[in-house]
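This report asks for a careful reading of selected local features, taken in turn from helix packing to aromatic contacts and backbone geometry.

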Amino acid sequence: MAPDRPESASEAPKAKGIARLTVHIPSAFKRNAARSSFNETRVPPRWNTLEFRFYYLVALFAIPVMIWLPVSLSQAEHRNYPFYASRLSSGWIFGRFIDNSDAQYRSFRDNVPILLNAALGYLLIKYIAKRIRPSPHHLSLMPLNVILSLGMILALHGSSSVKILLILAVNFILAKKCGASRLGPTLTWIFNGAVLFSNELFHGYRFGSIVPGLAVLDSFSGVYPRWHIIFNITMLRLISFNMDYYWSCKHSDNPDTETRLAEKQRVSVAHREEDYSVLNYLAYILYPPLYIAGPIITFNDFMWQHKRPLQIEMRFKVMYLIRFICCFLTMEFILHFMYVVAIKDRKAWVGDSPAEIAMIGFWNLIIVWLKLLIPWRFFRLWALFDGIDPPENMVRCMANNYSAFGFWRSWHRSYNLWIIRYIYIPLGGANNVIVNTLLVFSFVALWHDLTFRLLAWGWLISLFVLPELTAAYLLPTKKYGKYWWYRHACAVGGVLNILMMMAANLVGFVVGTDGVKFFFSQLFGTWEGIRFMVLCSFCLFVGVQLMFEYREEELRQGIVRRC
């Protein structure tokens with residue numbers, strides 16, 4: 001048996017060179033992977049070749065233009081400025097207004113002081129508790145976790161906390177009553193799916209609508225009365241607990257291991273029967289740092305990190321804090337100098353050139369990426385300072401993707417890991433890729449929002465992965481580097497993938513189907529638009545070549561990511 005000591009969250013080899021700025025994920029480091037993923041022999045670096053020096057020259061001209069176009073559209077002197085000016089608000093950078101019109105990000109940005117105070121207060125209480133009652137593990141803090149969690153949902157949701165606790169109670173009873181019966185997973189999915197749909201249909205079940213005499217309870221609504229909006233994250237944890245408990249009952253001979261567990265093992269190795277208790281259940285489902293938005297952590301992983309606390313170095317946490325601040329400030333500068341969200345909402349693009357319209361769409365996607373990344377990193381940072389290391393979301397920049405599968409794996413990584421464990425593998429995994437992909441993305445779309453726009457996004461993603469699957473079959477990656485033309489053929493495929501992914505995400509998360517129709521009419525319905533798309537495709541080709549080499553550089557350093 002290995003000695004029982006805390007596992008280090010940052011004990012993997014330190015990345016050097018160009019990959020140093022990538023998000024640190026210990027499970028991505030492989031000792032014997034310092035070679036190309038596309039070839040069985042190492043591919044020499046191309047960074048200093050004449051070909052890549054030409055690519056740098058293209059990037060040197062293209063990137064400033066991509067920045068300047070939306071900035072020029074966001075000047076008060078622009079002809080379309082009066083159409084969207086009412087959506088701007090006072091800013092703090094160089095006297096500029098700020099485009100704080102995105103409701104989802106505004107709800108986070110405007111509440112940063114409250115969230116910061118809540119996080120500091122929570123961490124202070126936990127720190128005092130650990131000092132008063134030191135322990136080699138965190139299980140002794142579970143009662144305190146539950147008390148703080150109940151106080152949090154009471155403050156957030158007021159009287160609606162009763163509804164949440166009732167749903168949690170029914171879900172827990174289903175798990176315990178069914179045990180190892182196959183009825184358990186079936187009832188779990190039916191119940192949670194029904195709750196998700198009912199939440200949307202009945203808008204959180206106002207007490208006055210259920211029993212008129214209880215209408216007075218609706219006045220005590222808490223800081224965030226719309227509890228049903230964020231319940232989809234809670235639903236994932238409910239299913240995680242029930243499924244992990246079901247598999248634990250199916251393999252009840254699994255001992256409580258004494259060895260250190262890696263990230264993947266913490267997810268799959270079950271616990272003892274008594275660990276699936278109501279106390280641990282509530283502590284997990286309502287864990288304050290991850291309750292509102294995630295990242296998503298499985299019940300098994302959550303419990304193992306309490307039994308075998310990770311050694312998360314303070315240097316790592318401080319660097320993560322600095323990264324968060326840099327991301328937040330980047331978003332602030334974009335919102336102060338690029339009013340693309342307001343332009344998109346008001347459709348204030350009349351008379352704009354195809355290049356300008358394309359950049360409105362592109363920077364809206366960048367803002368979607370950042371508005372999700374920033375809250376996720378805030379809440380993960382909170383968890384890290386509490387000694388819990390949930391999976392990192394968004395391990396690649398949105399503009400550093402050329403594969404639909406890779407994009408999905410890197411975008412909402414913790415959700416993707418959840419999907420693989422609880423949906424994809426139980427449905428047969430790679431044995432039925434096409435059908436499983438369609439089912440998975442349909443679920444993902446409906447889980448996000450019960451609208452046709454999101455369902456169309458899910459179906460488009462499912463459709464767009466088919467060419468990638470076909471190309472992977474016809475052009476196996478082991479030939480990468482063997483033929484001079486092979487890398488360039490793959491780059492052409494990458495360009496097509498990027499264009500399709502941008503179209504799908506514009507439909508799902510930015511402008512919808514009508515907006516995309518207008519974009520396409522401007523980009524493909526005019527000669528100016530076609531000329532721009534040819535130039536754009538060439539620039540994307542250069543970008544894909546740089547992405548290929550970036551991943552090659554990671555692999556030379558032993559970093560393996562399937563994205």
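F94 lies in the loop between strand 1 (89-90) and strand 2 (97-98), where helices (H or I, at least four residues) and strands (E, at least two) are DSSP runs numbered from the N terminus. The model is predicted, so that local features need pLDDT of at least 70 and side-chain atom pairs count only at pLDDT 80 or more, while totals for chains, interfaces and linings use all residues. Residues are numbered from 1 along each chain as its sequence is written, and side-chain values use heavy atoms, with hydrogens and water left out.

Three residues with positive phi can be set side by side; burial is given as relative accessible area, with buried meaning under 20%, exposed over 50% and partly exposed in between (1.4 Å probe, protein chains only).

| Residue | Phi | Place |
|---|---|---|
| F94 | near 55 degrees | loop between strand 1 and strand 2 |
| M394 | about 50 degrees | loop between helix 16 (354-385) and helix 17 (404-411) |
| H203 | about 55 degrees | just after helix 7 |

F94 is exposed, with a relative accessible area of 70%, whereas M394 is buried, with a value of 1%. Another backbone feature is the cis peptide bond joining G294 and P295, with omega about 5 degrees; P295 is placed in the loop between helix 12 (288-291) and helix 13 (299-307).

Helix 7 (residues 183-202) has 20 residues and reaches 28 Å from its first C-alpha to its last, close to the 28 Å expected at 1.5 Å a residue, the expected span being 1.5 Å times one less than the number of residues. Its buried residues include G184, T188, F191, V195 and N199, and seen down the axis the buried residues fall within an arc of 140 degrees, so they line one face of the helix; the arc is that of the directions from the helix axis to the C-beta atoms. These buried residues pack against helix 6 (161-178), helix 9 (231-250) and helix 19 (433-448), contact meaning heavy atoms within 4.5 Å. On the other side of helix 7, I190, L201 and F202 are exposed.

A search of the whole structure finds 40 aromatic pairs, in which rings of Phe, Tyr and Trp (its six-membered ring) have centres within 6.5 Å, with planes under 30 degrees apart counted as stacked, over 60 as edge-to-face and the rest as tilted. Y287 and F302 form an edge-to-face pair, 5.3 Å centre to centre with 65 degrees between the planes, and both residues are buried.
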